[in-house]
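Please open the model in your viewer and keep the selection tool at hand. The stops below move from one selection to the next, with a short account of what is there.

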Amino acid sequence: MAEDRPFSSDTPQLEDGKRVYRQYCASCHGTQGEGMPNWEEQNALGELPAPPHGPEGHTWKHSDAMLYRIIAEGWRDPWNKTDRLTMPAYQEVLAPSEIRDVVNYLKTLWTQEQRRHQADESIENPFPIQTGIPPE
C-alpha cells in the first residue's frame with residue numbers, strides 16, 4: 001500500500017469505486033490490489049497473471065484514458081498465444097461513471113509521486129468525455 005497517501009478515499013465516488021473494484025476486480029487483482037503471485041512470469045499460454053495495482057505494479061504509469069479503455073474493452077497480453085482476452089471487457093457490465101470511479105479508487109493505492117506521474121500522463125490522455133451527464 002502507498003505509505004504517503006494523502007489522497008482520501010472517503011468521498012462517495014471513491015467509495016463507489018472501491019465497491020465496484022471489490023465486486024469485479026478483486027478476484028484477480030486482490031482485495032488490496034496486491035495482484036496474483038508471480039505476476040511478472042508468463043504462464044503456458046503466454047499470459048501474465050493479473051498485476052498488482054499498488055506502488056509495486058505498473059498501473060500508475062498509464063493515463064486515465066488508457067486505464068479506462070483497458071477496463072471497458074479488456075486487455076489481451078501481446079504475448080498471449082490464444083485469441084482470448086487476458087482481462088475481460090466490462091463496458092457491458094459497468095456504467096462509464098463506475099469505470100471512472102474504479103480508476104479514481106486505484107489512485108488511492110499509489111504514492112504521491114506515482115499520482116503526480118499518472119496525472120501528467122493524463123493531461124494529454126484524459127478520461128473519455130461522457131455524454132448525457134446532467135450539469136452539476
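A residue is called buried here when its relative accessible area is under 20%, exposed when that area is over 50%, and partly exposed in between. Keep in mind throughout that this is a predicted model.

Begin with the two cysteines C25 and C28. Select C25, which counts as buried because its relative accessibility is 14%, and then C28, which is partly exposed with a relative accessible area of 38%. Are these sulfurs close enough for a bond, or too far? The sulfur of C25 lies 8.7 Å from that of C28, its closest cysteine sulfur, and this is too far for a bond. Since a disulfide requires two cysteine sulfur atoms within 2.5 Å, the count of disulfides comes to 0.

Now display the whole protein chain as a cartoon, in which 4 helices and 0 strands can be traced, the elements running α-α-α-α from the N terminus on. Of the 136 residues in the chain, 38% are buried. If you turn on contacts between residues at least 6 apart in sequence, 59% of them join residues that are at least 24 apart.

Next, select α3 and colour its buried residues, which are I99, D101, V102, V103, Y105 and L106. With α1 and α2 also shown, you can follow how these buried residues of α3 pack against both of those helices.

From there, widen the selection to the largest nonpolar core. Which of its 21 residues touch the most other members? They are Y21, I71, L94, I99, V102, L106 and W110, and the elements that give two or more residues to this core are α1, α2 and α3. Centre the view on I71 and, leaving aside its neighbours within four places in sequence, list its contacts: M87, P88, A89, Y90, Q91, L94, I99, V102 and V103.

Move on to W110, which is found in the loop between α3 and α4 (112-123). Although it sits in a loop, W110 is buried, with a relative accessible area of 0%. Add T59 to the selection and draw the C-alpha to C-alpha distance from W110, which is 9.2 Å although the two residues are 51 apart in sequence.

The next stop is the largest pocket, where about 730 Å³ of space lies. To find its centre, select H29, P51, H58, W75 and M87, which are the closest to that point among the 32 residues that line the pocket. Colouring the lining by class gives 21 nonpolar, 7 polar and 4 charged residues. Colouring the lining by element instead, you will find that α1 (12-29), α2 (64-73) and α3 (96-106) each supply at least two residues, and that α1 gives the largest share, with 5 residues.

Finish at N38, in the loop between α1 and α2. Is N38 buried or exposed? Its relative accessible area is 52%, so N38 is exposed. Check its backbone as well, since the phi of N38 is near 55°, a positive value in a residue other than glycine.

How values were computed:
Residues numbered from 1 in each chain as written. Predicted model: local features only at pLDDT ≥ 70, side-chain atom pairs only at ≥ 80, totals over all residues. Heavy atoms only, no water. 1 Å grid on protein atoms, 1.4 Å probe; cavity = no way out; pocket = protein on both sides within 12 Å on 5 of 7 lines; lining within 4 Å. Points joined across faces, edges and corners; volume = space filled by probe spheres on them. Nonpolar A, V, L, I, M, F, W, Y, C, P; charged D, E, K, R; others polar. Core = buried A, V, L, I, M, F, W, Y, C linked by side-chain atoms within 4.5 Å. Buried < 20%, exposed > 50% of the residue type's maximum accessible area, 1.4 Å probe, protein only. Contact = heavy atoms within 4.5 Å.
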